[in-house]
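Here's a quick briefing to skim before you load this one into your viewer. Have a look at the sequence and the structure first, then read on.

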Amino acid sequence: MYSKCLANLMLMLLPATLFIAACTSSTFQNADATVIYVSPQGNDLWSGGSSRPNRSGTDGPLRTIAGARNKIRALKQNSTGGFNKAVTVMLDNGIYTQNEALIFTAEDSGSAEFPVTYRAKPGAKPVISGGLVLNNWTPADFRSTYITGLSDQIWQMQLPPNPAGTAWDFNQLYINDSARQRARTPNQGFFLRSDGPTGSNSNREFYYKENDIAEWHHLERALFVVYHSWATSLHHMESIDTQANILTFREPARWPMGRWEKQQRYYVENLFEALDHPGEWYLDSDNNTLYYFPQPGEKINATEVTVPLLKATLVEFMGDTTKAEYVEHLHFRDLIFRHTNADLSEIKNSGQADIHQAALIMARGLRHCSFNNCEISCAGAHALFLTDGSSSNLVQQCHLHTLGGGGVYIGGGWDVGGKGISASNTVDNCFIHNAGNLFHGAHGIWIGKSSYNRITHNEIKNIDYSGISCGWSWGFQPSSANHNRIEFNHIHHLSNGEGLSDMGGIYTLGVSPGTTLRNNHIHDIYSYKHVSHGSGLYPDEGSSCILMEDNVVYCVRSSPLFMHYGADCTVRNNILALGDHGQMRRSREDKRCHYLATGNIIYSDHPQMLDGPWNNGDWLVASNIYWCTSSKPEFAGKSFAEWQSAGNDHGSIVADPLFCNPSHGDFRLQASSPALQRGFRPIDTTQAGLYGDRTWRSLPDRFPDRKLNEIAPPLKVPLQINYDFEAGEIGTKPLDARVHVSGAGSIEISNETANDGNNSLKITDAPALQRQWYPHLEYLRTYTNGTIHISWDMLNNAELPADFTIELRDYSMSGNFATGPSIAVSANGEIRANQTFLTKLEHGQWHHAGVTINLNENQHHLYDIVIRASGGKEIKRKITIKDRRFRNITWLGIISTGDRKAVYYLDNLRMGTFEEINKPPKRRPRRQR
């Protein structure tokens, strides 16, 4: 496979500019084109043959873009054999308001010889808008509302009737073509913390902390934005239990609450009571009144506001790939597209990339079309989505910003994108920033199931997740994205400490022969650090056959190069510098995690060059230059001499590469650099990012880089493992546990039997589950010293006895875990402690087990165990732990080890010091329904 991948890569080495030139050749105005003029002062009953009305007011420009589109349809119908001229629609200065989406179908197509171009009149800046401009603010009067104590600085506006004839219900607001924040608590840059999942409705429910949530007026209209690891989910409240502090949501999240962080972050918006910060707004739809807290310098008589009229999409291209009916040869130049809502009517939370959201410009079956020098901004979700057979399109020198979602999305995945294959699209020389403002898991540019695309010379910054994502198949499945070129992009200031985790400047998935990541300039990738990592180049699950060369990557949360697993990737002639954890990372050894890293410069301010496991030899690193500014570098815990003596890094050296000024991002090499002497090709980062005239290239300077906002970790209250399962609802998962089930296996609270009280924990095993050790549950609590007690009651079903193990582990060392006390119960009734036979227990009866271990030095390899059978017989033994690495307790697990239908029960599960296990059992009683 590796040699085949390299052969495919050689096909990709032709300059991208040749392809781009071919795409753009037809987008320039044909001098012999038919010209149709459009102006806000026009009339769709006129001919559109002139740019100004005539003196008699009987003819002149058209008024709407839809009118021009219809005019072209008529021209085509009246032309024998179709067009015989190109057509240019010339838009004059002004705002073109759309009360409904502007739709183009196959009948609106041009041809390769006679394309249709919609463009701005020279010097004009026409705005195609899905919003209504208003400006009739007055000082707020709260006497008629239920809210008191709001600032006397707040303005209000009585809204006119909605042109749609319905009540106003917008969720976005734009002032001076930038978005304003719907009133939220806490304010931007801060978060609430949940108090953990409830054990039931795991995707729709969590405990909230005392006083964080009140029964605010219209709480049912509030939007809860919940952070997971690499995604957020949006919810409306279904119910609130103020007795147990439980929030239950209408819409499920894709990921269970508390999966990555027990006290996960969230905020709440659309609350009148939260209108307490400049730039926030609130719509009181009951009274048809808009409230706004002005920013400093805004004047009440000079602040226009735009409220969106459209749910999500402003322009829609509706080709039908099932009938081979495509929208083709349409070109859009020098236009501005703005002002839509986010569609929150039926929220479908995505597990990744927020791919279920609509875009301001939605394209299905769009081919051989272009957007050149356009602005797409003020969108409720994504800017542009090329999906379902959209191919050979060009998006060039466009400014995409102020987006609730992502920038440019290409292809499809899961149930998005239809059956048509999207491929061979180009996104070149675009500036994408200030995105992911509501759908925080969105990308600057996303490629799903799509191949042969070119993503070149873009600048992407100030978003909460990855800059560019490429691929939509996991593991080593057949490729769904290949031969994509991601080159000369400048990607920086992502996540900024307050965004998401498990992210990268460039993120890839799946087997991707022919895909190249080349000459990209990536820096300041700082993920939210309390969940997972942030990387520069991030080949995730199954990323294979990818060439990564001539990239400069530095200042990242974890590693400039972070491979989860994959095969046959080439990493050469890159500068990988200043990763917080290490500079090159491998994450797996149970799966193939192979890359060939040669001729790179690896540079750090701390000794760790390599991160993750480097034991199995499924990789090759050679001819690299390593340097640490603070001490001698380390290689997977070894010195460089020890590392090389093991046969690694043949031809590599430790030497200062002599960068010009790396602390200020200047990684040019001085003339005397040993890297140059060894054949390293200098990388000119000034060639990455935007190109063209100075005004365009300097545009990013007008938008400051987001400042790092490191969010404090949650206040960790030590887990109290003391459960009698009496307070949980029947059929729900146990409180605080991490539960792993699949198929017919289950772990749930049951009232079928109990040692005392009414409830216990029922574990049901089954054949052919996803893992041999399923179902299992784990509790994460760390003890490093002192005497710790663990006890539980257990009953093995008489008719369906189970094999299971209660085990303590130590995950504090690098690499694998160490096993401590391990109590195994067999279906034949035998019970063993670390493989030492203790006794045989009777099925269908409750028995008690207790373990005591002293974690102090020289005592942690022995523990005492007591087994008390139902008849009162007691067995006590002292057991030796064979795994000498065991030092601490970091994990308590209950593991099902059989492969057949089986049932067992646990009750009164406790772990801790003497004081902890004698506290009352942990309970969170729900309000009675």
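What follows goes from the whole chain down to single residues.

Keep in mind that this is a predicted model. The mean pLDDT of the protein is 93, and 96% of its residues reach 70 or more. The weak spot is residues 1–28, where the pLDDT is below 50, although this stretch still has 41 contacts in the model beyond near neighbours in sequence.

**Overall build**

- The secondary structure adds up to 7 helices and 78 strands.
- A compact globule of 929 residues would have a radius of gyration near 30 Å, so the 31 Å of this protein agrees with that.
- Along the principal axes, the C-alpha atoms fill a box of roughly 110 × 75 × 55 Å.
- Take the contacts between residues at least 6 apart in sequence: 75% of them join residues at least 24 apart.

**Surface and charge**

- Of the 929 residues, 60% are buried.
- The exposed area is about 36600 Å², with carbon and sulfur atoms supplying 48% of it.
- On the charge side, you have 85 positive and 93 negative side chains, and the centres of the two sets lie 3 Å apart.

**Cis peptide bonds worth checking**

- Thr185 and Pro186 are joined by a cis peptide bond with omega at about -15 degrees.
- Pro186 belongs to the loop between strand S13 (184–185) and strand S14 (192–197).
- Going from Tyr774 to Pro775, the peptide bond is cis as well, and its omega is near -10 degrees.
- Pro775 sits in the loop between strand S67 (760–765) and strand S68 (776–779).

**Positive phi outside glycine**

- His329 isn't a glycine, yet its phi is positive, near 55 degrees.
- You'll find His329 in the loop between S25 and strand S26 (330–333). Its relative accessibility is 13%, under the 20% cut-off, so His329 counts as buried.
- Ala353 is another non-glycine residue with a positive phi, this time of about 70 degrees.
- The loop that holds Ala353 runs between strand S27 (336–338) and strand S28 (359–364). With a relative accessible area of 1%, Ala353 is buried.

**Buried residues in strands**

- Phe385 is part of strand S32 (residues 382–387), and it is buried, with a relative accessible area of 2%.
- Setting aside residues up to four places away in sequence, Phe385 touches a list of residues that includes Ile355, Ile361, Met362, Tyr409, Val416 and Trp446. Gln357, Ala359, Ala363 and Gly411 are also among them.
- Ile445 is 60 residues from Phe385 along the chain, and the C-alpha atoms of the two are separated by 9.9 Å.
- Glu807 lies in strand S70 (residues 804–810). Its relative accessible area is 10%, and because buried means under 20%, Glu807 falls in that class.
- What does Glu807 contact, leaving aside neighbours within four places in sequence? The partners are Thr819, Pro821, Ser822, Trp891, Leu892, Gly893 and Ile895.
- Tyr554 and Glu807 are 253 residues apart along the chain, with 42 Å between their C-alpha atoms.

**Residues with some exposure**

- Pro139 is in strand S8 (residues 138–139). At 58% relative accessibility, Pro139 is over the 50% cut-off and therefore counts as exposed.
- Not counting residues up to four places away in sequence, Pro139 touches Ile154, Gln156 and Ile300.
- Pro139 and Ile154 are 15 residues apart in sequence, and their C-alpha atoms are 6.4 Å apart in space.
- Asp320 is in the loop between strand S24 (315–318) and strand S25 (327–328). Is Asp320 buried, exposed or partly exposed? Its relative accessibility is 24%, so it counts as partly exposed.
- From Asp320 to Tyr538 is 218 residues in sequence and 36 Å in space, C-alpha to C-alpha.

Definitions and conventions:
Residues numbered from 1 in each chain as written. Predicted model: local features only at pLDDT ≥ 70, side-chain atom pairs only at ≥ 80, totals over all residues. Heavy atoms only, no water. pLDDT = per-residue confidence, 0-100. Contact = heavy atoms within 4.5 Å. Helix = DSSP H or I, 4+ residues; strand = E, 2+ residues; numbered from the N terminus. Rg over C-alpha atoms; globule rule 2.2 N^0.38 Å. Buried < 20%, exposed > 50% of the residue type's maximum accessible area, 1.4 Å probe, protein only. Areas by Shrake-Rupley, 256 points an atom, 1.4 Å probe, with all protein chains shown as cover. Lys, Arg positive; Asp, Glu negative; His and termini not counted. Charge placed at Lys NZ, Arg CZ, Asp CG, Glu CD.
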